[in-house]
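Reader: I'm new to this one and don't want the whole tour at once. Could you pick a single part and walk me through it closely?

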Amino acid sequence: MGSRTGSHQLSNGLIVSGRPEQLKERQPTMGSRAVPYTGGDIKKSGELGKMYGVGDYPGPPPILKPSSRGSSASQHNSGSVRSGPNSGPVGHKLTNSGSMPKKSSGSFSGQLMTPIQPTGLITSGPLSSNTGRRSGQLEPAASFKKVVYGSSVTSLNDEIKLGFKVSKVAMWVFLVVVLMGLVVGAFLMVAVKKAVILVAVAGILAPLVVILLWNFAYKERGLLGYLKRYPDAELRGAIDGQFVKVTGVVTCGSIPLETSFQRTARCVYASTELDEYKGWGGKSANPSHRCFSWGRRHSEKHVADFYISDFQSGLRAMVKAGYGAKVVPFVKPTTVIDVTKNNKELSPNFLHWLADRSLSSDDRIMRLKEGYIKEGSTVSVMGLVRRHENILMIVPPVDPISTGCQWTRCLLPTYIEGLILTCDDSQNADVIPV
């Protein structure tokens, strides 16, 4: 009969088989202790600052001493130590349990460019840098540099071309009648030898000259009055190729515009104009600038495709004003800066605006004006209707638009070419949020 395995009695009185276990000296454990808030300071971060290679830790690393709680708890637990926040066994040397050498930055493949933020978060860089900027965040706008748009935005000329649409036959008949009147008047004056004939001829020609002068002076105002009186059409019943006037609220297309000085955003039309006054012997703003008048020195006018919602039918149409289309905007600009002899001190923003466009700021009388049609404004558009499947568009007309003879106002037929945009002067107060 073989030897029998020995047995022993536990402290609670239970007798078990086997020899009693020899208690071995167990390694002390690290007790949990409170970690102070560093606030992102590298000198207080300890091993974290050394791990990211931000800077050398000042002084030797602290040596953690074993606590009495860890040794007492190890007597009741077998296997790995689970007291405190530890999740694994503790090695023999505390300094090798996860710390890194003093010069740990050399083991990295690259140097960490960004230090730890005061909040304690590790980011990819400050917001002011280009490498650490979040996707979609815009760069800060340059001072007042001129914005260069692509071919989808139409750059307009400075002047609006208006003309009188009178048939050549009528013009020749008028000239022949005037010449015949002068010849007959001169012959009768020589034959009769009385000045009454000359007075009669002058009385006939004087009203004609006055009418011509009136038409040249009242040409633009007469056209605006005609456009304002033109009845609004309903897009629901408009046929393809019909010339219509649509009044409604506008919204930006794929490319919104902004003014160059005030940076007014979300515009469908934007203009900035710099005028100068020329006195006797002063500097000319342009080759055709006359004395004692205002002349245009610099101009920026842009318009792009946009949408208009008709007030009559509620339909929405695209206005094709971009890609080099012929557009005639009647938008009255407002004065932003007025530099006179009594006001010689120029604002820094205005000086930057002039410098970005290589314009001198010497002793001149200048006036900066800006006009725009902002998204949500009420605008009237005159053009041709185009229907392509389910798309409704308003395009510039092919032929010039004529007002016809306005007999009650003594105005000859005036014509204008292109897509017409008109906006009230009180556009800033009538903007509807969209």
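Author: Let's take the largest nonpolar core, starting with some background and finishing with a few spots elsewhere.

First, keep in mind that this is a predicted model. The protein chain has a mean pLDDT of 74, and 68% of its residues reach 70 or more. Confidence varies along the way: strand β9 has the highest, at 96, while helix α3 (residues 68-73) has the lowest, at a mean of 41. Across residues 64-142 the pLDDT is below 50, although this stretch still has 65 contacts in the model beyond near neighbours in sequence. Where pLDDT is low, the predicted coordinates should not be read in detail. So treat that stretch with care, as its pLDDT is below 50.

As for the overall build, the protein chain holds seven helices and 17 strands. Of its 434 residues, 32% are buried. If you take contacts between residues at least 6 apart in sequence, 69% of them join residues at least 24 apart.

Now for the core itself. In soluble globular proteins, nonpolar side chains tend to be buried together. Here the largest nonpolar core has 28 residues, and the members touching the most others are F306, I308, V327, I373 and V381. Strands do a lot of the supplying: β5 (243-252), β6 (267-278), β8 (306-310), β9 (316-319), β13 (378-388), β14 (391-395) and β17 (419-423) each give two or more residues. The top contributor is β5, with four residues.

Try putting I308 at the centre of your view. Leaving out residues up to four places away in sequence, I308 touches V246, T247, G248, V249 and V250, and also L315, R316, A317 and V319. The rest of its list is V379, V381 and I394.

Next, follow the strand pairing around I308. Strands of a sheet pair through backbone hydrogen bonds, either parallel or antiparallel. β8 and β9 run antiparallel and are joined by four bridges. Within that pair, F306 sits opposite V319 of β9. The two strands make a hairpin with five residues between them, and G314 in the turn has a positive phi of about 80°. On to β14: two bridges join it to β9, and here the strands run parallel. V319 turns up again, with I394 in β14 as its bridge partner. Both V319 and I394 are on the list of residues that I308 touches, which makes this a handy place to zoom in.

There's also a second, separate core of eleven residues, with F144, I337, W353 and L359 among them.

For contrast, look at a little open sheet of three strands, in the order β4-β16-β15 with antiparallel pairing. Its edge strands, β4 (163-164) and β15 (401-402), each pair on one side only. β15 meets β16 (residues 414-416) over two bridges, and S402 has Y415 of β16 as its bridge partner.

The loop between β15 and β16 holds C410. Its phi is near 55°, a positive value in a residue other than glycine, and C410 is partly exposed at 44% relative accessibility. S358 also has a phi near 55°. You'll find S358 in the loop between α7 (348-356) and β12 (365-374). S358 counts as exposed because its relative accessible area is 70%, over the 50% cut-off.

Note on methods: Residues numbered from 1 in each chain as written. Heavy atoms only, no water. Core = buried A, V, L, I, M, F, W, Y, C linked by side-chain atoms within 4.5 Å. Buried < 20%, exposed > 50% of the residue type's maximum accessible area, 1.4 Å probe, protein only. Contact = heavy atoms within 4.5 Å. pLDDT = per-residue confidence, 0-100. Pairing = 2+ DSSP bridges.
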